[in-house]
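Subject: Structure handover

Hello,

Please find the structure below, followed by notes on what was found in it. Keep the viewer open while you read.

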Amino acid sequence: MWIYEKKLQYPVRVSKCDVRMARYLMEQYGGADGELAAALRYMNQRYAIPDKVIGVLTDISTEEFSHLEMIATMIYKLTKDASVQELEAAGLGPNYAQRDHALFYQNSAGVPFTATYIQAKGDPLADLYEDIAAEEKARATYQWLIDMTDDVDLQDGLKFLREREIVHALRFKESVQILIDERGKKKVF
Amino acid sequence: MESQERVYTPYRGPFDPCPPVPFKTYVVPPNQFISFQPPDLPQFSLPEALRLGTLWPALFSPYESKQGGR
């Protein structure tokens, strides 16, 4: 069960009216390496993984949902007051034709989210290495998004999210170490 | 802190249609050098940790937009 706290994990400020960025941010909303894919991947993998690391998957999955909420907030702020012409100029004409100003789980090219973006192999190492790779891919996506905007406030929120991916990748690497060393010894080097 | 940026020079062909980029960069974040976080590492202050996205200076990775900021 989850308890919802009615606030964002990190404050989202968007200071520049740049509808174009709304479209690119959708890569992290409903894209292959996006927050939805991450959250669903971990939330599902945790049922077939040794007990010691279930909590890591649950915690990180939960946090990914809060990141999804932040990305949604960014997209919402950038599109809510946009005219049809502005949406069209930003490449969001097809989105308007389908659903007015509604958000949807799709990537920056308008491809709808699919469960084929995520995997569950049932092998703890295979699944955790997929998760590490997913975090690094999300980190890279955040870098490209940061590169695409000169809005320092939007950059600020994206930098926070990027740093979280780095921490998550390490937590998954630690999970691998826990599973490798069944005697519970923690090697530090 | 040691730079987390790596630089390489991509191949330049004699008949490239576009002006060549002098170099390319990529980031190697600090999580690549830690396989298990040791206990009792130094911590950021809590407001600083919220701003940066991590409690741990050892895990902090700065990134600046290639477009700059306004």
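Is D100(A) buried, partly exposed or exposed? The relative accessible area of D100(A) is 42%, so this residue counts as partly exposed. Please note that the model is a predicted one.

To find D100(A), look in the loop of chain A between α5 (93-99) and α6 (124-148). The phi angle of D100(A) is near 55°, which is a positive value in a residue other than glycine. Chain B has a residue to set beside it: D40(B) is not a glycine, yet has a positive phi of about 65°. D40(B) sits in the loop between β2 (24-27) and α1 (46-52) of chain B. With a relative accessible area of 77%, D40(B) is exposed.

Next, the empty spaces. Rolling a probe the size of a water molecule over the atoms shows where empty space is left. The count comes to 2 cavities of 30 Å³ or more. The largest cavity holds about 50 Å³ of space. D100(A) appears again here, as one of the residues that line the largest cavity; others in that lining include M26(A), I75(A) and H101(A). Sorted by class, the lining of the largest cavity has 6 nonpolar, 3 polar and 1 charged residues.

The second largest cavity has about 30 Å³ of space. Among the residues that line it are D33(A), R41(A), E135(A) and E165(A). Two elements of chain A, α2 (35-45) and α6, each give two or more residues to this lining. By class, the second largest cavity is lined by 4 nonpolar, 1 polar and 4 charged residues.

There is also a pocket to look at. The largest pocket contains about 340 Å³ of space. It is lined by 13 residues, and those closest to its centre are I3(A), Y4(A), E5(A), T62(A) and S66(A). The lining of the largest pocket is made up of 5 nonpolar, 3 polar and 5 charged residues.

On the surface, L125(A), Y129(A) and I180(A) make a nonpolar patch of about 290 Å². Y129(A) belongs to helix α6 of chain A, and its relative accessibility of 47% makes it partly exposed.

Now the salt bridges. How many salt bridges does the structure hold over all chains? The total is 12. Three of them are worth opening in the viewer.

- K159(A) and E64(B) meet through their side chains at 2.9 Å, N to O. K159(A) is in helix α7 (residues 152-180) of chain A and E64(B) is in the segment after α1 of chain B, so this pair joins two chains. K159(A) is partly exposed at 24% relative accessible area, whereas E64(B) is exposed at 57%.
- R20(A) and D18(A) form a salt bridge of 3.0 Å, N to O. R20(A) is partly exposed, at 30%, but D18(A) is buried, at 12%.
- E48(B) and R51(B) form a salt bridge of 3.6 Å, N to O. Both lie in helix α1 of chain B, 3 residues apart, or about one turn of the helix. E48(B) is partly exposed at 29%, and R51(B) is partly exposed at 44%.

Last, the start of chain B. E2(B) is in the segment before β1 (5-8) and is exposed, with a relative accessible area of 67%. E2(B) and P30(B) are 28 residues apart along the chain, and their C-alpha atoms are separated by 9.9 Å.

Regards

Methods:
Residues are numbered from 1 along each chain as its sequence is written. Chains are lettered from A and ligands numbered from 1 in the order in which they are written. This is a predicted model: local features need pLDDT of at least 70, side-chain atom pairs count only at pLDDT 80 or more; totals for chains, interfaces and linings use all residues. Side-chain values use heavy atoms; hydrogens and water are left out. On a 1 Å grid over the protein atoms alone, a cavity is a set of points where a 1.4 Å probe fits but cannot get out, and a pocket is an open set with protein on both sides within 12 Å along at least five of seven lines; lining residues have an atom within 4 Å of a point. Grid points are joined across faces, edges and corners, and a volume is the space filled by probe spheres set on the points. Ala, Val, Leu, Ile, Met, Phe, Trp, Tyr, Cys and Pro count as nonpolar, Asp, Glu, Lys and Arg as charged, and the others, Gly among them, as polar. Helices (H or I, at least four residues) and strands (E, at least two) are DSSP runs, numbered from the N terminus. Buried means under 20% relative accessible area, exposed over 50%, partly exposed in between (1.4 Å probe, protein chains only). Patches are made of residues with over 30% relative accessible area and no salt bridge: like charges are joined within 9 Å, nonpolar side chains (Val, Leu, Ile, Met, Phe, Trp, Tyr) within 5 Å. Accessible areas come from the Shrake-Rupley method with a 1.4 Å probe; for residues, only the protein chains shown count as cover. A salt bridge is a side-chain nitrogen of Lys or Arg within 4 Å of a carboxyl oxygen of Asp or Glu.
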